Amino acid sequence: MDADKEAKGKVSDQAMQNPQALAALQDKIDSVSHSASIMDSLPKSVKRRVNALKNLQVNSTHIEAKFYKEVHELERKYSVLYQPLFDKRRKCVSGEVEPTDEECEWQSDHEDEAALAEDLKKKAAIGEKTEDANEEKPKGIPEFWLTIFRSVDMLSDMLQDHDEPILKHLQDIKVIFSGPDQPMSFTLEFHFEPNEYFTNTVLTKVYKMKSEPDAEDTFSFEGPEIMDCEGCEIDWHKGKDVTVKTIKKKQKHKGRGTARVITKQVPNDSFFNFFNPIKVSPDKDLDEDSEFTLATDFEIGHFFRERIIPRAVLYFTGEALEDDESFEEEELDEGEEEDQDEEDEDDEEEGDSKPVDPQPAECKQQ
């Protein structure tokens, strides 16, 4: 009995130390109590019918899960159609293929921009004639992916100065969807040209997903969610591993009073830690910091898959960033309008000459 009390006390202490767990628990309690209060007030015959509706909702949730599985199959199917276009993009970026004049034509949305482009084209043609024939021209689109990393806040937050020379060798990023008979997942592939930093030509990150309702909490299902991820081992050349740094430490012998200097390797901030994610164990709960790190990792993986890979050129030029910013501004404007409406309502209430009854009407009923 005492052991049970002690165990309950420990669980309670852990919950109090974890605000997220406490908030989730409170939400669940509020939801259950609200549901229970409604059900308690219903006649028995109505309760039976409500239970029938909840069973229908369970069936609906399972159909929704099937829907998302078929969506995954569609993504897998269409990824095959997209891939030839992405292969052309890779070849153009790396300089393996030079696009034709026809492929390079771009119709501007504005006449003045088109005129300016034509003027620039003429000036460029003159410049090409006068420049030294032996002058080295850039190959492909230099620093294509590195520019994207620098531009996108979510990625630039991970980027360190020592990562940039390595990412100049990044030639392509692909997403590979799991097969029809495999558990739902997707893999990010980062393709590198031969370089002085590591021997790998491809670095991978696998995101494992779940698309089935929880048997114990069916109604919480809102579609596929990432449950775990696996990175890969990077075969660094000697002295080139940017995920660790060497520090020197002075140690003093207590008895002799002599000192010695030892060197020690410690973790170092780097984008390439992305390929060494936190291990999720079903038998062990993660602390709050680890949960946050893992959630951020899942968000980044999803962003690569849904935004960066399919629209890479627009993130390179900044056009996709402008779209993202305008979307955020629209949301903010909407929120500001709501705040303004609330202020107007408050002003109307203050301007009302009728006295305000401090007691709600329902509290007066006997």
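Me: Into which class does Glu-143 fall: buried, partly exposed or exposed?
Reply: The model is predicted: local features need pLDDT of at least 70 and side-chain atom pairs count only at pLDDT 80 or more, while totals for chains, interfaces and linings use all residues. Residues are numbered from 1 along each chain as its sequence is written, and side-chain values use heavy atoms, with hydrogens and water left out. Buried means under 20% relative accessible area and exposed over 50%, with partly exposed in between (1.4 Å probe, protein chains only). Glu-143 has 30% relative accessibility, so the residue counts as partly exposed.

Me: What is the phi angle of Glu-143?
Reply: Helices (H or I, at least four residues) and strands (E, at least two) are DSSP runs numbered from the N terminus. Glu-143 belongs to neither kind here, as it lies in the loop between α5 (111–130) and α6 (144–151). Its phi is positive, in a residue other than glycine, and lies near 55°.

Me: How many helices and strands does the protein chain have?
Reply: The protein chain has 366 residues, of which 24% count as buried. Its secondary structure comes to 12 helices and six strands.

Me: Among contacts between residues at least 6 apart in sequence, what share joins residues at least 24 apart?
Reply: A contact means heavy atoms within 4.5 Å. In the protein chain, the share asked for is 58%.

Me: Which helix gives the most residues to the largest nonpolar core?
Reply: A nonpolar core is a set of buried Ala, Val, Leu, Ile, Met, Phe, Trp, Tyr and Cys residues joined through side-chain atoms within 4.5 Å. The largest core has 47 residues, and the members that touch the most others are Phe-149, Phe-190, Phe-272, Phe-274 and Phe-304. With six residues, the top contributor to this core is helix α9 (residues 288–308).

Me: How far does α9 reach from its first C-alpha to its last?
Reply: The expected span of a helix is 1.5 Å times one less than its number of residues. For α9, with 21 residues, that gives 30 Å. Its buried residues include Leu-294, Phe-298, Ile-300 and Phe-304. The reach of α9 is close to the expected value, at 28 Å.

Me: Which residue of α9 forms a salt bridge with Lys-205?
Reply: A salt bridge is a side-chain nitrogen of Lys or Arg within 4 Å of a carboxyl oxygen of Asp or Glu. The side chain of Lys-205 has such a partner at 2.9 Å, N to O. The pair links strand β3 to helix α9 across 92 residues. Both side chains belong to buried residues, and the partner in α9 is Asp-297.

Me: Which residues share a network of salt bridges with Glu-143?
Reply: The count of salt bridges comes to 11. Bridges that share partners join Glu-143 into one network with Arg-150, Glu-164 and Lys-168.

Me: How far apart in sequence are the parts tied together by Lys-69 and Glu-212?
Reply: The side chains of Lys-69 and Glu-212 meet in a salt bridge of 3.6 Å, N to O. Lys-69 lies in helix α3 and Glu-212 in the loop between β3 (202–210) and β4 (225–230), so the tied parts are separated in sequence by 143 residues.

Me: What is the N to O distance between Lys-240 and Glu-196?
Reply: Lys-240 is partly exposed at 29% relative accessibility, and Glu-196 is partly exposed at 46%. Their side chains meet in a salt bridge at 3.2 Å.

Me: What area does the nonpolar surface patch that includes Leu-74 cover?
Reply: Patches are made of residues with over 30% relative accessible area and no salt bridge, like charges being joined within 9 Å and nonpolar side chains (Val, Leu, Ile, Met, Phe, Trp, Tyr) within 5 Å. Accessible areas come from the Shrake-Rupley method with a 1.4 Å probe, and for residues only the protein chains shown count as cover. Leu-74 is found in helix α3 (residues 44–94) and is partly exposed at 48% relative accessibility. Together with Tyr-78, Leu-81, Tyr-82 and Leu-85, Leu-74 makes a patch of about 540 Å².

Me: What distance separates the C-alpha atoms of Asp-87 and Asp-172?
Reply: Asp-87 is found in helix α3 and counts as partly exposed at 24% relative accessibility. Along the chain, Asp-87 and Asp-172 are 85 residues apart, yet their C-alpha atoms are separated by 8.8 Å.
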